[in-house]
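Me: Could you walk me through this protein model, one question at a time?

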Amino acid sequence: MTHTHRPNGAPDKPVLDGLEEKWSRRWEENGVYAFDADTARRAPRDTVFSIDTPPPTVSGSLHVGHVFSYTHTDTIARYQRMRGKNVFYPMGWDDNGLPTERRVQNHYGVRCDPTLPHDPDFTPPEKPGKHQLPISRRNFIELCERLTAEDERAFEDLWRALGLSVDWSRTYQTIDTQARATSQRAFLDDLARGDAYLAEAPTLWDVTFRTAVAQAELEDRERPAAYHRLGFHGGDGRTVLIETTRPELLPACVALVAHPDDERYQDLFGTTVRTPLFDVEVPVLAHRLATPDKGTGIAMVCTFGDTTDVTWWRELRLATRPVIGWDGRFLAEPPSGLDTPEARAAYAELAGATAHTARERVVAQLRSRGELHGEPRPVTHAVKFFEKGDKPLEIVTTRQWYVRNGGRDERLRDELLARGQELRWHPPHMRIRYDNWVGGLNGDWLISRQRFFGVPIPLWYPLDGDGRPDHDRPLVPDAAALPVDPSAQTPPGYEEHQRGKPHGFAGDPDVMDTWATSSLTPQIAGRQLADPELFARVFPMDLRPQAHEIIRTWLFSTVVRAHCGHGTLPWRHAAISGWILDPDRKKMSKSKGNAVTPTDLLERHGSDAVRYWAASGRPGTDTAFDIGQMKIGRRLATKLLNVGKFVLGLGGGDLGAGAVTEPLDRALLADLATAVEEATAAYDDFDYARALERTEQFFWRFCDDYVELVKARAYGDHGGAGARDSARAALVTALDTVLRLFAPVLPFVTEEIWSWYAEGSVHRAGWPSADALRVRGVDTAVLATAAEVIAAIRKAKSLAKVSMRAEAGELVIHASRAALDRFTLAQSDIRAAGRVTSVSLRESPGDLRTEVTLAGAPQTRPFPN
């Protein structure tokens with residue numbers, strides 16, 4: 001122990017209540033967790049440990065899953081700080097994107113209408129009305145900023161109560177000025193390298209939010225449907241039957257496709273058929289993606305029903321007949337090819353209808369004309385949804401911005417897979433999720449969104465003489481001007497009066513996908529643009545902690561931006577957390593309605609107890625929500641208080657480990673050295689759960705066995721002053737070490753006990769050294785032998801239903817010579833702890849056995865071990 005000791009200041013009755021508020025305040029006042037940027041700029045890079053902290057989505061409240069995963073990160077940050085690292089541990093708030101927009105809409109009862117002018121005097125309704133009030137984009141963004149600021153204050157209060165050792169002077173928002181500038185700069189760099197490009201193409205579209213959706217934001221949901229059998233008409237009078245779950249897309253049909261090896265359709269390949277109801281001529285073609293054993297083996301290709309339709313349309317160079325608009329309703333005008341009065345009349349019944357209504361009407365028309373073969377056959381199948389959406393996705397043709405991610409570039413894909421191999425994964429098997437995602441990509445990253453509260457695409461387009469934008473010649477802002485809002489600012493060389501006018505300009509109306517900003521959290525937190533010198537000291541970062549379900553989104557997109565923009569990984573290690581499961585073994589989440597709000601848990605059980613439960617969850621492993629574990633953590637913290645008060649009450653704080661001379665005491669420190677080695681190795685491998693487990697195992701051996709064994713000697717009841725001081729020095733050394741081992745998980749109770757006898761903070765104390773504890777030539781089994789014998793004595797008293805303070809008349813030990821010699825080294829402590837009157841040692845082969853005769857009892861009870 002190298003820190004300064006002071007007289008024992010333990011209170012008469014130490015308690016856990018109130019420690020969170022007391023120490024959170026003092027930590028902040030004393031800057032215990034502050035990152036020293038000035039030192040970082042002067043020192044070597046390896047003196048800094050930087051963490052790419054996940055910015056929680058600010059759209060309501062945190063739940064217990066956040067407490068779980070953020071505790072994991074905090075244990076690593078605390079450990080690294082105690083190892084002497086200058087820990088860069090910022091906190092961000094992910095406040096842009098759809099979750100915030102939805103919360104603002106529901107909270108204030110408003111919706112964004114970009115066509116409305118800004119109202120500087122706008123005040124939102126006191127209560128949301130039945131119909132949402134339309135407001136300008138700027139007014140809407142102001143409400144988003146107001147509500148997220150309130151949420152962020154609540155989030156910070158909870159994180160402080162949990163004990164996160166974040167440097168609260170280093171926070172950021174994914175929509176603040178620095179984040180917008182960094183995100184826009186990265187986009188412009190992508191554009192300059194040719195990694196960002198604009199394309200008009202079929203796009204996955206959420207009809208509720210009226211925005212494009214990227215592949216990484218999809219999820220499959222099982223939904224009921226029905227197969228409808230329709231008959232297409234061949235030129236020779238032949239009827240070609242197909243089965244479809246989307247008969248409403250019949251007017252969008254552009255071909256029939258079967259597998260090239262399907263014998264049933266060989267004579268049809270290269271011919272044409274006519275669609276039922278609309279009588280449009282379409283080709284019959286062969287393609288390998290057709291499934292012979294699905295339905296009738298021949299499929300209707302529409303523009304567009306699903307992503308397979310898109311593949312067929314692109315590879316077979318088919319016509320385009322879009323029928324569904326951005327609002328999810330059928331377009332007013334029929335697509336090309338529906339030229340006959342009958343076809344146009346049939347389509348008129350669909351115009352303006354939703355997909356569901358149009359399906360009902362098409363089926364009714366087919367049935368009335370005898371072109372529906374049989375009745376619909378019910379089926380349940382997977383349908384693609386936007387992960388935050390409520391309606392199935394449609395595919396519409398739109399102009400969108402993309403960033404290359406290896407989905408269409410085999411060389412880039414291989415480079416990104418190599419980055420996955422270079423990254424150190426904790427646990428290692430999580431890499432397979434990354435590999436599977438990268439290997440399965442089928443398109444580039446769509447980053448533009450048709451929303452409002454996000455980082456604007458930083459471009460304008462020149463208008464020709466007819467006022468049409470030239471998307472091939474975007475106007476780019478000066479880098480020094482970032483961030484920019486093209487809807488409110490003008491491009492270089494233009495004036496505001498030229499907006500929307502012939503030969504003038506138009507701003508890009510879209511914002512970036514929230515992942516386009518979140519993928520740059522290392523650059524934003526590290527202040528790449530504002531403080532390049534600091535950025536060079538924290539990037540690439542040391543650690544990215546995150547959940548496993550967003551490996552495909554956040555982790556992968558961050559790797560893409562760092563690889564393409566910096567030629568490196570964004571971090572050296574990725575520590576992956578699992579989910580929290582409810583009693584039915586289902587993931588806890590706000591969207592599922594089974595999440596637990598953590599505030600009550602922290603108040604009821606205490607932050608250290610909740611952190612204990614969280615840190616018990618293995619890295620990458622789904623963990624059950626368990627109040628019982630929190631109660632165990634509470635008991636552990638209470639035991640620490642009590643044993644701390646006892647040990648410090650004995651004195652011996654100034655003796656040091658050099659005063660430890662007795663074999664039993666030296667065996668304890670050797671056992672402790674092993675615990676330190678194991679906990680250190682676990683933390684170095686980012687395995688906080690194993691570190692906690694090893695520390696806790698030693699602690700209970702220390703309390704249940706060693707403390708009870710040496711208590712009498714520590715009081716001075718036997719053995720002389722040297723033996724007394726040896727016990728006291730061992731007790732203080734063990735307590736001091738155990739506090740530091742527990743500090744990453746139990747920050748409040750360890751700081752409280754530390755303050756009773758030491759200067760400064762335990763969280764700035766050095767991590768314990770195993771070498772400083774271990775002494776050569778110590779028989780480490782002495783403690784184990786003594787613990788085994790004292791346990792046998794306790795068992796005898798328990799079975800006899802007498803007090804543990806009752807005398808044991810005689811103790812007989814049967815053991816090998818080596819075991820008897822070990823017993824002899826601790827005999828005085830065992831006799832005192834067990835109140836043993838006499839001892840007999842009998843050498844015998846095999847395991848150690850004891851016989852205990854209780855004082856005043858005629859019988860002898862053997863207790864084999």
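What follows is a short set of questions and replies about this predicted model.

Me: To get my bearings, how many helices and strands does the protein have?
Reply: Keep in mind that this is a predicted model. The C-alpha atoms fill a box of roughly 115 × 65 × 55 Å along the principal axes. As for the elements inside that box, the count is 26 helices and 30 strands.

Me: What percentage of the residues is buried?
Reply: Buried here means under 20% relative accessible area. The protein has 865 residues to sort by that cut-off, and the buried share comes to 55%.

Me: Of the contacts with a separation of 6 or more, what share comes from residues 24 or more positions apart?
Reply: A contact needs heavy atoms within 4.5 Å. Take the contacts in the protein with a separation of 6 or more, and the part that joins residues 24 or more positions apart is 76%.

Me: Which helix gives the most to the largest nonpolar core?
Reply: That core has 126 residues, and Trp159 and Phe702 have the most contacts inside it. The top contributor puts in 13 residues, and it's helix H20.

Me: Which residues does Phe702 touch, leaving out those up to four places away in sequence?
Reply: Phe702 is one of the two residues with the most contacts inside the largest core. With its sequence neighbours up to four places away left out, its partners are Val643, Leu668, Val707, Leu731 and Ala734.

Me: How many residues are in the second, separate core?
Reply: Its members include Leu147, Tyr494, Phe505 and Ala516. The total for this second core is 37 residues.

Me: Are H20 and H24 roughly parallel or roughly perpendicular?
Reply: The axes of H20 (residues 688-715) and H24 (residues 781-799) come within 10 Å and cross at roughly 85 degrees. Angles of 65 to 115 degrees count as roughly perpendicular. So H20 and H24 are roughly perpendicular.

Me: By class, which residues make up the contact of H20 with H24?
Reply: H20 brings Asp704, Asp705, Tyr706, Glu708 and Leu709, while H24 brings Leu783, Ala786, Ala787, Ile790 and Arg794. Sorted by class, that contact has no polar residues, 4 charged and 6 nonpolar.

Me: How far apart are the end C-alpha atoms of H3, given what its 19 residues should span?
Reply: H3 covers residues 64-82, and at 1.5 Å a residue it should span 27 Å. The model agrees with that, as the end C-alpha atoms are apart by 27 Å.

Me: How many of the residues of H3 are buried?
Reply: H3 is largely enclosed by the rest of the structure. Just after this helix, Gly84 takes a positive phi of about 95 degrees. Within H3, the buried count is 19 of the 19 residues.

Me: Is His503 buried or exposed?
Reply: His503 sits in the loop between strand E20 (460-462) and strand E21 (505-507). Its phi is near 65 degrees, a positive value in a residue other than glycine. The cut-off for exposed is over 50%. At 59% relative accessible area, His503 is exposed.

Me: Where does Pro427 lie?
Reply: Pro427 is joined to His426 by a cis peptide bond, with omega about 0 degrees. The proline's place is the loop between strand E17 (424-426) and helix H11 (431-439).

Key. Residues numbered from 1 in each chain as written. Predicted model: local features only at pLDDT ≥ 70, side-chain atom pairs only at ≥ 80, totals over all residues. Heavy atoms only, no water. Axes fitted to C-alpha atoms, helices over the stretch in contact; angles between N-to-C directions. Helix = DSSP H or I, 4+ residues; strand = E, 2+ residues; numbered from the N terminus. Parallel < 35°, antiparallel > 145°, perpendicular 65-115°, else oblique. Nonpolar A, V, L, I, M, F, W, Y, C, P; charged D, E, K, R; others polar. Core = buried A, V, L, I, M, F, W, Y, C linked by side-chain atoms within 4.5 Å. Buried < 20%, exposed > 50% of the residue type's maximum accessible area, 1.4 Å probe, protein only. Expected span 1.5 Å × (residues − 1).
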